[in-house]
Amino acid sequence: MRESRIRRRAGLRAVLAGGAVLLVGAGLSLALTATANAATTLGASAAATGRYFGTAVNSGKLNDSTYSTILAREFNMVTPENEMKWDATEPSRGTFTFGNADAIVSRATSIGARMRGHTLVWHSQLPSWVSSVSSASDLTTVMHNHINGVMSHYKGKIYAWDVVNEAFADGSSGLRSSIWTQRLGNNTGWIEDAFRTARAADPAAKLCYNDYNTDNWTDAKTQGVYNMVRDFKARGVPIDCVGFQSHFNSASPVPASYQTTLSNFAALGVDVQITELDIEGSGTTQANNYRTVVNACMAVARCAGITVWGIRDPDSWRASGTPLLFDGSGNKKPAYDAVLTALNNGTPPPTTNPPTTTRPSTAPPTTSPPTTAPPTSAPPTGQPGTCAATYRLVNSWPGGFQAEVTVQNNGATTINGWTVPLGLPAGVSIVNMWNAVGSGTSGSINATNANYNGTIAGNGSTTFGFVANGSSTPAPTVGCHTP
């Protein structure tokens with residue numbers, strides 16, 4: 001995560017150039033039909049493939065008419081730029097302030113956009129009282145209280161939280177030195193504790209780890225984060241998504257392995273999200289670079305969406321690099337057109353399994369347990385046995401919707417295989433399903449685990465999703481059973 005006062009690097013050099021569409025003979029009518037049906041805004045276009053397109057929002061600019069007009073027209077996901085960070089939400093111990101963040105949530109709700117929460121645990125923008133906490137036990141209590149205080153205030157209103165932000169060191173597979181490692185240990189135990197606390201605070205919210213300079217697959221930092229996520233998933237630690245900030249410029253370009261990185265993380269069973277995208281430059285070069293990033297997301301089934309870090313160039317934390325999709329007057333730049341075209345050319349997530357992951361040669365890090373016992377979530381009720389399923393509507397649009405089903409192991413022992421009976425209302429038909437294999441597309445069907453996510457550790461969970469034609473109401477019914 002980055003903010004207007006404290007930032008570091010960025011960059012991108014793209015490799016794809018836009019192709020012209022030839023309208024010839026009988027192909028003319030087909031091309032014109034596709035154009036007529038294409039969405040004309042970023043959020044609507046992303047939603048057509050079950051994704052989102054969002055932006056970071058500054059509460060101080062909500063009264064700017066140009067800013068607010070673009071926000072309402074173009075985006076269906078909102079991330080507060082600074083308003084949910086620790087110094088803004090708990091400036092003194094136990095005293096929470098949510099006014100500016102509440103204003104952003106209210107605006108998002110009024111325009112029909114969802115919210116990403118940013119961020120709960122970070123080494124930066126901490127009030128001085130946090131930095132003065134001297135003992136591990138007290139700092140653990142402070143972390144728990146902050147997560148619970150903020151998440152309880154916004155419970156049910158946040159699609160995904162950046163639970164821990166930028167914990168890994170640049171140029172290394174290890175953690176950065178911070179108050180968290182200095183007091184709680186130079187291992188991922190405190191990160192695990194943060195995620196378990198967050199799951200208990202709001203079981204419905206997606207929980208993400210977010211970082212920068214993790215775009216190139218072979219970099220040590222990328223491998224360090226990958227090993228942590230792999231370890232967490234293997235042990236049932238509740239992590240649902242990984243955020244890739246994706247700040248690019250000529251000095252820090254989009255690597256050739258960017259799509260590979262997204263695919264390999266997704267293959268671990270987590271969503272990937274591009275969380276803070278900005279690309280310095282202008283004209284055709286900048287447009288091509290943006291197209292490369294969007295195409296990479298569209299090619300990965302579990303790339304849930306893209307957030308740009310600001311609306312107009314002057315709104316950016318690095319305004320001199322003109323890194324965003326709108327100029328200072330609110331006019332669409334060539335990069336906007338490239339992004340919209342790439343989104344409209346995308347397809348819903350495929351039904352095939354995620355790409356095969358190239359496994360790193362290093363073993364995952366050994367995680368020390370947190371200094372205090374993490375809180376545990378009460379298991380869902382109302383379904384017998386150890387397997388339970390929960391349905392959630394992710395997005396909807398005229399004539400279709402995207403949904404997600406969480407499969408929870410409520411028992412203490414590992415389950416090997418699961419099936420979710422899915423009752424689809426009349427008129428609803430599934431067009432794409434991922435992370436599960438469907439026995440049909442309409443009526444009463446079974447969604448069975450894929451060959452890579454059937455094993456769920458005790459008290460762990462996994463998710464699958466689908467895009468369907470038809471109305472999102474009434475909601476499909478779900479159940480769950482094991483072999």
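**Exercise 1. Locate Thr55 and describe its surroundings in this predicted model.**

Solution.
Step 1: Thr55 belongs to strand β1 (residues 52-57); helices (H or I, at least four residues) and strands (E, at least two) are DSSP runs, numbered from the N terminus. Residues are numbered from 1 along each chain as its sequence is written, and side-chain values use heavy atoms, with hydrogens and water left out. The model is predicted: local features need pLDDT of at least 70 and side-chain atom pairs count only at pLDDT 80 or more, while totals for chains, interfaces and linings use all residues.
Step 2: Thr55 has a relative accessible area of 0%, so Thr55 is buried. Buried means under 20% relative accessible area, exposed over 50%, and partly exposed in between (1.4 Å probe, protein chains only).
Step 3: A polar atom of the Thr55 side chain lies 3.2 Å from the backbone oxygen of Gly310 and 3.4 Å from the backbone oxygen of Val308. A polar contact is a pair of N or O atoms within 3.5 Å; within protein, one must be able to donate a hydrogen and the other to accept it, and residues adjacent in sequence count only if both atoms are side-chain atoms.
Step 4: Not counting residues up to four places away in sequence, Thr55 touches residues including Leu71, Phe75, Met77, Thr307 and Ile311. Contact means heavy atoms within 4.5 Å.

**Exercise 2. Work out which strands pair with β6 and where the side chains of β6 point.**

Solution.
Step 1: In strand β6 (residues 241-244), Cys241 and Gly243 point one way, Val242 and Phe244 point the other way, and all are buried.
Step 2: Strand β5 (residues 206-211) runs parallel to β6 and is joined to β6 by 4 bridges; two strands pair if DSSP finds at least two bridges between them. Opposite Gly243 in β6 stands Asn210.
Step 3: Between β5 and β6 the chain passes through helix α10 (residues 220-235), a right-handed β-α-β crossover. Right-handed means that, with the strands pointing away from the viewer, the path from the first strand over the helix to the second runs clockwise.
Step 4: Strand β8 (residues 271-279) also pairs with β6, in the parallel sense and over 4 bridges. Here Gly243 stands opposite Gln273.

**Exercise 3. Identify the residues with the most contacts inside the largest nonpolar core.**

Solution.
Step 1: A nonpolar core is a set of buried Ala, Val, Leu, Ile, Met, Phe, Trp, Tyr and Cys residues joined through side-chain atoms within 4.5 Å.
Step 2: The largest such core has 93 residues, and Phe53, Trp161, Val164, Trp180, Phe195 and Leu325 have the most contacts inside it.
Step 3: Leaving aside neighbours within four places in sequence, Phe195 is in contact with residues including Val163, Val164, Leu207, Phe232 and Ile239.
Step 4: Apart from the largest core lies another of 23 residues, among them Ala403, Ile415, Leu422 and Met433.

**Exercise 4. Give the strand order of the open sheet that contains β13, and name its edges.**

Solution.
Step 1: The open sheet has 4 strands in the order β15-β16-β13-β19, with antiparallel pairing.
Step 2: β15 (436-438) and β19 (477-478) are the edge strands, each pairing on one side only.
Step 3: Strand β13 (residues 419-423) pairs with β19 over 2 bridges, and Gly423 stands opposite Thr477.

**Exercise 5. Find backbone geometry that departs from the usual case.**

Solution.
Step 1: Most residues other than glycine have a negative phi, and most peptide bonds are trans.
Step 2: His118 and Thr119 are joined by a cis peptide bond with omega about 0°; Thr119 is in strand β3 (residues 114-122).
Step 3: Thr473 and Pro474 are also joined by a cis peptide bond, with omega about -5°, and Pro474 sits in the loop between β18 (461-469) and β19.
Step 4: Gln125, not a glycine, has a positive phi of about 50°. Its relative accessibility is 7%, so Gln125 counts as buried.
Step 5: Thr322, not a glycine, has a positive phi of about 40°. Thr322 has a relative accessible area of 30% and is therefore partly exposed.

**Exercise 6. Judge the confidence of the chain.**

Solution.
Step 1: pLDDT is the predictor's confidence in each residue, from 0 to 100. The protein chain has a mean pLDDT of 85, and 83% of its residues reach 70 or more.
Step 2: Over residues 1-36 the pLDDT stays under 50, and over residues 350-384 the pLDDT is below 50.
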